[in-house]
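The following exercises concern helix packing and a ligand site. Each task is followed by a worked solution.

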Amino acid sequence: MNKTKILMVCLGNICRSPLAEGILRNKLDINKFTIDSTGTGNWHVGNPPDKRSVAVAKKYGIDISGLRGRQFTSLDYQNFDHIYVMDSSNLENVLALAESKEDRAKVSMILDTLFPGEKVDVPDPYYGGDDGFEQVYAMLDEACDVIKQRHT
Ligand code: 4NP
């Protein structure tokens, strides 16, 4: 059976999308799904996730310390079935690399799962405190529950 391939995208691929990847992976059967994350920017290629994302994930029993940053490319459209972006700026950057209607149809904002059509961003916690990471975790956990319902 073909696996369903899901990609999480943010800007740096060190705060939000690695958390989303870890959370979703923890909810789904890895024999049936491929789950990955990437960033539209290239500053953190090869880097582990932000310590604060690693810590909040660990608090909820999820280990994301082994993930490494990589940059989104147009090849990701060939390799994934569903692409969830964290905010409207990610949406713009990802759609800029789409080559077809089919590519564009794969992309949605992750909080559309909770607030359909409202274009709600997952706020970038990078420049804030630890609270921001807790809030992002809670949002992504709820969103990933909906993604799980969609695909199982
Ligand atoms: P992320 O957060 O997009 O959730 O990984 C960021 C991390 C780093 C930077 C921006 C956003 N940065 O500019 O280095």
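**Exercise 1.** Determine how helix 1 and helix 6 are oriented to each other.

*Solution.* Helix 1 and helix 6 are oblique to each other. In this predicted model, their axes cross at roughly 45° and come within 9 Å. Angles from 35 to 65 degrees fall in the oblique class, and therefore this pair is assigned to it. The crossing of helix 1 with helix 6 is right-handed. On the side of helix 1, the contact involves Arg-16, Leu-19, Ala-20, Ile-23, Leu-24 and Lys-27; the residues of helix 6 include Phe-133, Tyr-137, Leu-140 and Cys-144. Sorted by class, this contact comprises 10 nonpolar and five charged residues, with no polar ones.

**Exercise 2.** Describe the crossing of helix 2 (residues 51–59) with helix 6 (residues 130–151).

*Solution.* Step one is the geometry: the two axes come within 10 Å, at an angle of roughly 55°. Helix 2 and helix 6 are therefore oblique. Step two is the handedness, which is right-handed. Step three is the contact itself: Arg-52, Ser-53, Val-56, Ala-57 and Lys-59 of helix 2 meet Asp-130, Phe-133, Glu-134 and Tyr-137 of helix 6. Four of the residues in this contact are nonpolar, one is polar and four are charged.

**Exercise 3.** Identify which residues lie around the ligand, and state which atoms of His-44 approach a ligand oxygen.

*Solution.* The surrounding residues are Cys-10, Leu-11, Gly-12, Asn-13, Ile-14, Cys-15, Arg-16, His-44, Asp-124, Tyr-126 and Tyr-127. For His-44, a polar side-chain atom is 2.7 Å from an oxygen atom of the ligand. Backbone N or O atoms also approach ligand oxygens: one of Leu-11 at 2.9 Å and one of Asn-13 at 3.3 Å.

How values were computed:
Residues are numbered from 1 along each chain as its sequence is written. This is a predicted model: local features need pLDDT of at least 70, side-chain atom pairs count only at pLDDT 80 or more; totals for chains, interfaces and linings use all residues. Side-chain values use heavy atoms; hydrogens and water are left out. Axes are lines fitted to C-alpha atoms, for helices over the stretch in contact, and angles run from 0 to 180 degrees between N-to-C directions. Helices (H or I, at least four residues) and strands (E, at least two) are DSSP runs, numbered from the N terminus. Angles under 35 degrees count as roughly parallel, over 145 as roughly antiparallel, 65 to 115 as roughly perpendicular and the rest as oblique. A crossing is left-handed if the near helix is turned anticlockwise from the far one by less than a right angle, and right-handed if clockwise. Contact means heavy atoms within 4.5 Å. Ala, Val, Leu, Ile, Met, Phe, Trp, Tyr, Cys and Pro count as nonpolar, Asp, Glu, Lys and Arg as charged, and the others, Gly among them, as polar. A residue is near a molecule or strand if one of its heavy atoms lies within 4 Å of it. A polar contact is a pair of N or O atoms within 3.5 Å; within protein, one must be able to donate a hydrogen and the other to accept it, and residues adjacent in sequence count only if both atoms are side-chain atoms.
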